[in-house]
Amino acid sequence: MNDHHALTLSSAIADRLACPATAPEVVASDGVRQHLALGPTGIALLHIERAAADLGPWQRAHDWLTVATRQPFTSGPDSHPFYGAPALAHVLSCAADRLPGSYRRGLRLLDRQVTADVRRRLDAAHRRIDAGHLPALAEFDAIRGLSGYGAYLLRRDPAGPVTRAVLDYCVRLTAPVTHDGERLPGWWATTGPSGRPDDRFPGGHANHGMAHGVGAVLALLALAARRGTIVTGHHQAMRTLLDWLDRWKTNAGRGPAWPYWITRDDLRAGRLSPTAPRRPSWCYGTAGLARAQQLAALVLDDADRRTEAETALLAALTDPAQVHATTDNGLCHGFAGLAHIAVRAAADADPATAGQLRAALPALLAALLPSRAAPQAVAGSLVDGEAGAGLLDGAAGTALGLLAASSAEPPRTAWDACLLIA
């Protein structure tokens with residue numbers, strides 16, 4: 001697939017999702033309505049980005065936001081960066097950045113609520129650390145936790161006190177903890193990757209994912225430093241996380257790779273159990289982690305680490321075994337997500353590697369639009385398919401990934417800030 005075909009398919013998906021009244025049902029429940037990954041706010045992001053790029057009317061975004069906000073959004077303990085008021089705040093801020101003066105009152109209210117929620121979460125997190133307990137994944141991850149909140153605050157108030165307080169917490173999270181007589185990294189969770197007790201993970205695990213693990217913490221620290229917001233211990237915290245990833249680095253054949261997580265047995269043995277190649281996605285795996293390490297290398301001025309991260313990403317995008325393990329289309333763990341990470345990483349890469357990353361895009365995108373397929377038919381199958389129309393797994397996110405891959409320019413909005421890759 002070339003740039004033109006990618007844009008054509010992205011536009012066909014957007015047209016299929018033009019009007020809430022004629023699009024597939026995406027508000028089957030209040031939980032879906034409020035969820036950035038599943039509901040109308042994620043679809044609004046697609047139309048916001050397209051309107052900002054002069055590829056579609058703003059009215060489409062307004063229509064989807066109108067559907068989303070017919071009833072109040074949840075705030076407080078039952079909300080998180082991908083659900084409720086914080087999710088709505090992210091979407092409205094993306095629109096407001098391109099439409100000065102729009103949504104001003106709503107964003108003021110949402111910012112106050114997000115700030116209150118973050119302060120409450122920080123207080124709880126520091127009490128937990130003071131007590132010597134281990135964290136839940138939802139305390140710090142990108143989807144439900146403080147890394148996700150930090151991504152929002154970094155855009156809205158990059159040097160503000162609450163933003164800095166989140167970064168202080170991230171630094172503190174990297175300090176080791178002694179638990180049951182064993183020295184563990186401060187981000188070690190006692191549960192399985194689902195966040196619930198799991199017999200397959202006796203003693204818990206260290207999660208590396210960008211969605212639910214410490215990859216998001218590393219990315220947030222790096223992104224903040226790139227914007228000039230640095231707290232005490234900031235760079236050492238990044239180095240601690242990078243040293244941990246160095247310890248568990250493997251070789252996937254064409255370059256470095258990183259496991260999704262480390263179990264207590266792995267930690268005690270000092271080595272990983274053999275596994276088959278795994279998909280190198282955003283949410284888990286080498287693609288997302290490579291981007292996080294590239295960002296950290298840039299702010300640490302570590303040329304060798306930057307080269308290794310870019311080499312790892314290129315290998316993940318071109319190694320047949322890793323690509324074969326990718327079977328989905330979406331942003332979270334599919335081809336659209338790989339393409340979008342490649343675009344973002346290429347913009348910061350060494351020129352030679354940047355060209356190679358861009359050259360890997362057609363093969364990735366061919367999985368989404370076979371050469372003889374009609375874009376409108378493919379768009380219909382994506383929108384109406386099992387993955388649905390939403391942002392993370394569904395058609396709206398796929399269209400956003402295609403849109404980024406079709407252009408030599410970066411995204412016009414910060415829609416992907418919630419992914420902590422830019």
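The legends below describe close-up views of a predicted model.

**View 1. The second largest pocket and the residues around its centre.**
The second largest pocket has a volume of about 380 Å³, and 23 residues line this pocket, of which Arg344, Pro410, Pro411, Asp416 and Ala422 are the closest to its centre. Four helices, namely α8 (146-156), α10 (215-226), α13 (286-300) and α16 (335-346), each contribute at least two residues to the lining of the second largest pocket. By residue class, the lining of this pocket is made up of 11 charged, 10 nonpolar and 2 polar residues.

**View 2. The largest cavity, with α8 as a main contributor to its lining.**
The structure holds 3 cavities of 30 Å³ or more, and the largest cavity encloses about 90 Å³ of space. Its lining consists of Pro81, Pro86, His90, Ala142, Gly148, Tyr149, Ala151, Tyr152, Ala417 and Cys418, and the elements that give two or more residues to this lining are α5 (85-98) and α8. Helix α8 supplies the largest share, with 4 residues. The lining of the largest cavity has no charged residues, and divides into 8 nonpolar and 2 polar ones.

**View 3. The second largest cavity, to whose lining α8 also gives the largest share.**
With a volume of about 40 Å³, the second largest cavity is lined by Ala151, Leu154, Arg155, Leu223, Arg227, Ala417, Leu420 and Ala422. Helix α8 provides 3 residues of this lining, which is the largest share. The lining of the second largest cavity comprises 6 nonpolar and 2 charged residues, with no polar ones. Ala151 and Ala417, listed here, also appear in the lining of the largest cavity, while Ala422 of this lining is among the residues closest to the centre of the second largest pocket.

**View 4. The edge-to-face pair of Trp187 and Trp244.**
A search of the whole structure gives 6 aromatic pairs. In one of them, Trp187 and Trp244 meet edge-to-face, with 5.6 Å centre to centre and 90° between the planes. This pair links distant parts of the chain, 57 residues apart, since Trp187 lies in the loop between β2 (182-184) and β3 (205-207), whereas Trp244 belongs to helix α11 (residues 234-247). Both tryptophans, Trp187 and Trp244, are buried.

**View 5. The stacked pair of Tyr260 and Tyr284, within a cluster of rings.**
Tyr260 and Tyr284 are stacked, with 5.2 Å centre to centre and 25° between the planes. Here too the pair links distant parts of the chain, 24 residues apart: Tyr260 is in the loop between β5 (256-257) and β6 (261-263), and Tyr284 is in the loop between α12 (264-269) and α13. Both Tyr260 and Tyr284 are buried, and ring pairs join these two residues with Phe201 and Trp261 into a cluster.

**View 6. Helix α14 (residues 303-318) and the cap at its N-terminal end.**
The 16 residues of helix α14, at 1.5 Å a residue, should span 22 Å, and the distance of 23 Å between its end C-alpha atoms agrees with that expectation. At the N-terminal end of α14, Asp302 acts as a cap, with a side-chain oxygen 3.4 Å from the backbone nitrogen of Asp304. Along α14, the buried residues are Arg305, Ala309, Glu310, Ala312, Leu313, Leu314, Ala315, Ala316 and Leu317. An α-helix has 3.6 residues a turn, so residues three or four places apart point the same way.

Notes. Residues are numbered from 1 along each chain as its sequence is written. This is a predicted model: local features need pLDDT of at least 70, side-chain atom pairs count only at pLDDT 80 or more; totals for chains, interfaces and linings use all residues. Side-chain values use heavy atoms; hydrogens and water are left out. On a 1 Å grid over the protein atoms alone, a cavity is a set of points where a 1.4 Å probe fits but cannot get out, and a pocket is an open set with protein on both sides within 12 Å along at least five of seven lines; lining residues have an atom within 4 Å of a point. Grid points are joined across faces, edges and corners, and a volume is the space filled by probe spheres set on the points. Ala, Val, Leu, Ile, Met, Phe, Trp, Tyr, Cys and Pro count as nonpolar, Asp, Glu, Lys and Arg as charged, and the others, Gly among them, as polar. Rings of Phe, Tyr and Trp (its six-membered ring) pair if their centres lie within 6.5 Å; planes under 30 degrees apart count as stacked, over 60 as edge-to-face and the rest as tilted. Buried means under 20% relative accessible area, exposed over 50%, partly exposed in between (1.4 Å probe, protein chains only). The expected span of a helix is 1.5 Å times one less than its number of residues. A polar contact is a pair of N or O atoms within 3.5 Å; within protein, one must be able to donate a hydrogen and the other to accept it, and residues adjacent in sequence count only if both atoms are side-chain atoms.
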